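Biologist: Could you take one part of this model and look at it closely, setting it in the context of the rest of the chain? I would like the cut-offs behind each term as you go.

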Amino acid sequence: MAERQEQAAADAVMTRIGQVIMLLHGGDREEARGRFLDLWAEIGEDGDALHRCTLAHFMADAQDDPSDELAWDLRALSAADELTDARVEEHHQSLAVRAFYPSLHLNLAADYVKLGRAEAARGHLGVARDSVGVLGDDAYGDGIRAGIGHLESRLDEEGPGGTPEPTPGQGRGPGGRGGPGGETLGPPRPRS
């Protein structure tokens, strides 16, 4: 009985995170930032890793400053490193932690591009490319693979030391930040 109550509470937090994600997708970045920060304070630095990973992953989208975006994407990666498949499957049976990494590293690569740190971007793109095989042949997986290819091409065009300007809208594709059916599952979120 106590275990069911814990699961219901955990699901309630994911539901609340999902509501803020909808607010963010609706265009109210400032309000979303405030609500994400309130939830972050409630969850805590040592709270449930899935909650922290999901919230940080999407909080990065609400940032105006690339350094802040990077900080939140790093928090998401750190929380993912603490996750287990068992915990992720409690939330959604089709998820596995290893499937988070291509997107998490793609997001970090895009952050580093925005900050003019091409070598750091290339490093994360390499990890994303190496881990992309865990993704399915579906719209989500295709989007991540396309995002990796696009960012690699942009970096290649600039050469070894170049720092390309982000393409307008890069990393914040419309509506593509959920599961195969569009539902909010937690990370990963594709960047195209």
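Modeller: The chain has eight helices and zero strands, where helices (H or I, at least four residues) and strands (E, at least two) are DSSP runs numbered from the N terminus. The model is a predicted one, in which local features need pLDDT of at least 70 and side-chain atom pairs count only at pLDDT 80 or more, while totals for chains, interfaces and linings use all residues. Residues are numbered from 1 along each chain as its sequence is written, and side-chain values use heavy atoms, with hydrogens and water left out.

Read along the sequence, the pattern is α-α-α-α-α-α-α-α. Of the 192 residues, 48% count as buried; buried means under 20% relative accessible area, exposed means over 50%, and partly exposed is in between, with a 1.4 Å probe and protein chains only. The accessible surface of the chain comes to about 9,100 Å², and carbon and sulfur atoms account for 49% of that area, the areas coming from the Shrake-Rupley method with a 1.4 Å probe, and only the protein chains shown counting as cover for residues. Among contacts (heavy atoms within 4.5 Å) between residues at least 6 apart in sequence, 61% join residues at least 24 apart.

The part I would choose is helix 7. This helix has 14 residues and reaches 20 Å from its first C-alpha to its last, close to the 20 Å expected at 1.5 Å a residue; the expected span is 1.5 Å times one less than the number of residues. Its buried residues are Ala118, Ala121, His124, Leu125, Ala128 and Ser131. Seen down the helix axis, these buried residues fall within an arc of 150°, so they line one face of helix 7, the arc being that of the directions from the axis to the C-beta atoms. On the other side of helix 7, Glu119 and Asp130 are exposed. What covers the buried residues includes helix 6 and helix 8.

Within that buried face, His124 has a relative accessible area of 15%, which is why it counts as buried. Leaving aside neighbours within four places in sequence, His124 is in contact with His105, Leu108, Ala109 and Tyr112.

Helix 6, one of the covering elements, is itself mostly covered, with 13 of its 14 residues buried. The end C-alpha atoms of helix 6 are 20 Å apart, which agrees with the 20 Å that its 14 residues should span at 1.5 Å a residue. Just after helix 6, Gly116 takes a positive phi of about 75°.

On the side of helix 8, Gly149 lies in that helix and, at 22% relative accessibility, counts as partly exposed. The C-alpha atoms of Gly149 and Leu125 are separated by 9.1 Å, although these residues are 24 apart along the chain. Helix 8 also holds Asp142 and Arg145, which, being three residues apart there, are separated by about one helical turn. Asp142 forms a salt bridge with Arg145, the closest N and O atoms being 3.0 Å apart; a salt bridge is a side-chain nitrogen of Lys or Arg within 4 Å of a carboxyl oxygen of Asp or Glu. Both partners are partly exposed, Asp142 at 42% and Arg145 at 24%. A search of the whole structure finds 13 salt bridges.

It remains to place helix 7 in the interior. In soluble globular proteins, nonpolar side chains tend to be buried together. The largest nonpolar core, meaning a set of buried Ala, Val, Leu, Ile, Met, Phe, Trp, Tyr and Cys residues joined through side-chain atoms within 4.5 Å, has 51 residues, of which Ile17, Phe36, Leu55, Leu83 and Phe100 touch the most other members. The elements that give two or more residues to this core are helix 1, helix 2 (29-43), helix 3 (49-59), helix 4 (66-82), helix 6 (101-114), helix 7 and helix 8 (139-158). Helix 6 provides the largest share, eight residues. Leu55, for its part, is in contact with Ile17, Phe36, Leu39, Trp40, Ile43 and Trp72, leaving aside neighbours within four places in sequence.
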